[in-house]
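Got the viewer open and a selection box ready? Follow along and pick each item as it comes up.

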Amino acid sequence: MRYHTNMKKNSNSHSKPLTLLGGITAESFLKEYWHKKPLLIRGAIPEFKGFLTPNELAGLACEEDVQSRLITYVKKEWKLEQGPFAEKRFVNLPERDWTLLVQSVNHHLQEANDLLQQFNFIPYARLDDLMVSYAPDGGGVGPHFDSYDVFLLQGCGQRVWRISEQKDLSLLDGAPLRILKNFNTEQEFTLSAGDMLYLPPHVAHWGIAVGDCMTYSIGFRAPTAQELAGEFLNYLQEHRSFSERYSDPNLSVQEHSAEISDDMVKQVSSMLNGLRWNDADVADFLGQYLSEPKSHIVFDIPKNMSLPAFEKRMRADGIQLSFKSQLLKAANCYYLNGEVIVFDADSERLIMKLADDRVLSSHDFYDDANISDAFVAEMHDWYLAGCITFQ
Ligand code: SIN
Ligand code: CO
């Protein structure tokens, strides 16, 4: 179902100077720094100390559906272990030079979601996840570069960041992680709790813990052309049917029976050249692909609840997208966790708000005129599938 919408999110919110960005507006940040040059922001989140203890982080790293890595540097050798870990793995670790990294902490904690919301001046389609790391003195992942933008927010403790816009990005052979062969420090900063460093893709960096240190990385996704092409071809296969069949009424005897003739190549080539797509197909593909949960994600299914009981609770408490849900809009269609959603035209305002803010509070349900039976039924289905929860 497609609807035209005149709804525009108030762009004023992105024209205000933000402490998070060191007193510049989101608009100036995007124009001057995003994808262009590093930015160090002292006191980006004043009083920020993080919301996980090292023990809680290790607890997450022991869970089945959480992606985590333990990296150690012993006797000049890098080692990488993938989680989930047994609790005993965290007993008797060396006093220094290791780090534990946990991906997608935003799938598990409200505080992590609240933190990511502060970065909503970047479209959700670009946001990947919140990774949290813990390292004792000297720990880190070594000098490397990433292919995507990242905000490195310091939680508790301190970390020295060395950065370099060097051209030589050759990697150490045989290491289990991507370590730069040659790293030439151009700038060095010590970040304390609440300080943040923004790095565009391909800026070499090396973070070294100074004492116990936790870093919160807000990472973005930037699919490669290879990945997009592969996924889009899968999409076309699922969404298109082709009725034409190869035919050869003018077949003539060939000298070599084993040869695929030039005529056959030309005919198949012209059949394939008939494959066309437009922006609407690409928007539909992106809506599905970018809202699709990663393969390891499992939604938590709540206990059954009747429709009337659900509606009562929704109106009283409000609802929110569950932490693992992604609701995106593309070309006037909406996509929830990889699937296009169908709703009545009257509900679009609420759906857009839920997509933008990830919550609908009880205030949003005061005016009965806003809420159709179809909307309540749809939300009830989402709730039972674990895609939304109560606030
Ligand atoms: C870390 O938190 O130690 C690693 C972050 C990064 O370098 O991308
Ligand atoms: Co990095």
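Buried here means under 20% relative accessible area, as counted with a 1.4 Å probe and protein chains only. Keep that cut-off handy, and keep in mind that this is a predicted model.

**Stop one: Met196**

Select Met196, which sits in strand E11, residues 196–199. With a relative accessible area of 0%, Met196 is under the cut-off and therefore buried. Now add Thr215 to the selection and draw a C-alpha to C-alpha distance: Met196 and Thr215 are 9.4 Å apart in space and 19 residues apart in sequence. Hang on to Thr215, since it is one of the residues surrounding ligand 1.

**Stop two: zoom out**

Show the whole protein chain as a cartoon. You should find nine helices and 19 strands. The C-alpha trace spans about 75 × 70 × 45 Å along its principal axes. Of the 391 residues in the chain, 43% count as buried.

For a sense of scale, pick Val268 in helix H5, residues 262–273, and then Arg42. Their C-alpha atoms are separated by 60 Å, with the two positions 226 residues apart along the chain. Val268 counts as partly exposed because its relative accessibility is 32%.

**Stop three: ligand 1**

Center on ligand 1 and bring up the side chains around it. The nonpolar-looking names to click through include Leu101, Met131, Val141, Leu152 and Trp161. Also in the shell are Ser133, His144, Asp146, Arg159, His205, Thr215 and Ser217. By class, the shell divides into five nonpolar, five polar and two charged residues.

Which strands each supply at least two residues of this shell? Color strand E7 (127–135), strand E9 (158–164) and strand E13 (213–220), and you have them.

Next, look at the oxygen atoms of the ligand. One ligand 1 oxygen is 3.2 Å from an N or O atom in the side chain of His144. The side chain of Arg159 has an N or O atom 3.3 Å from a ligand 1 oxygen, and a polar side-chain atom of Asp146 lies 3.4 Å from an oxygen of ligand 1. Switch on a surface here: taken alone, ligand 1 exposes 260 Å², and the protein buries 94% of that.

**Stop four: the cobalt ion**

Keep His144 and Asp146 selected and add ligand 2, the cobalt ion. Which protein atoms act as its donors? They are NE2 of His144, OD of Asp146 and NE2 of His205, lying 2.1 Å from the ion. Along the chain, the donors follow the spacing H-x1-D-x58-H. His144 and Asp146 are both buried, and His144, Asp146 and His205 also belong to the shell around ligand 1.

**Stop five: two cysteines**

Select Cys156 and Cys213. Why is there no disulfide between them? The sulfur of Cys156 has its closest cysteine sulfur in Cys213, 7.2 Å away, which is too far for a bond; a disulfide would need the sulfur atoms within 2.5 Å. The structure as a whole holds zero disulfides. The surroundings of the pair are worth a look too: Cys156 counts as partly exposed, at 26% relative accessibility, whereas Cys213 is buried, at 0%.

**Stop six: backbone oddities**

Most residues other than glycine have a negative phi, and most peptide bonds are trans. Here are some exceptions to click on.

- Gly83 and Pro84 are joined by a cis peptide bond, with omega about 0°. Look for Pro84 in the loop between strand E5 (77–82) and strand E6 (98–102).
- Ser104 has a positive phi, near 50°, without being a glycine. Ser104 is in the loop between E6 and helix H3 (110–117), and its relative accessible area of 4% makes it buried.
- Asn332 is not a glycine either, yet its phi is positive at about 65°. The loop that holds Asn332 runs between strand E15 (327–330) and strand E16 (333–336). Asn332 is buried, with a relative accessible area of 17%.

**Last stop: Gln320**

Finish at strand E14, residues 319–321, where you'll find Gln320. Gln320 counts as buried because its relative accessibility is 9%. Show its side chain together with that of Gln110: a polar contact of 3.2 Å joins the two.

Technical notes: Residues numbered from 1 in each chain as written. Chains lettered and ligands numbered in written order. Predicted model: local features only at pLDDT ≥ 70, side-chain atom pairs only at ≥ 80, totals over all residues. Heavy atoms only, no water. Near = heavy atom within 4 Å. Polar contact = N/O pair within 3.5 Å; in protein donor to acceptor, adjacent residues only side chain to side chain. Areas by Shrake-Rupley, 256 points an atom, 1.4 Å probe, with all protein chains shown as cover. Helix = DSSP H or I, 4+ residues; strand = E, 2+ residues; numbered from the N terminus. Nonpolar A, V, L, I, M, F, W, Y, C, P; charged D, E, K, R; others polar. Donors = N, O, S within 2.8 Å, 3.2 Å for Na, K, Ca; no water. Buried < 20%, exposed > 50% of the residue type's maximum accessible area, 1.4 Å probe, protein only.
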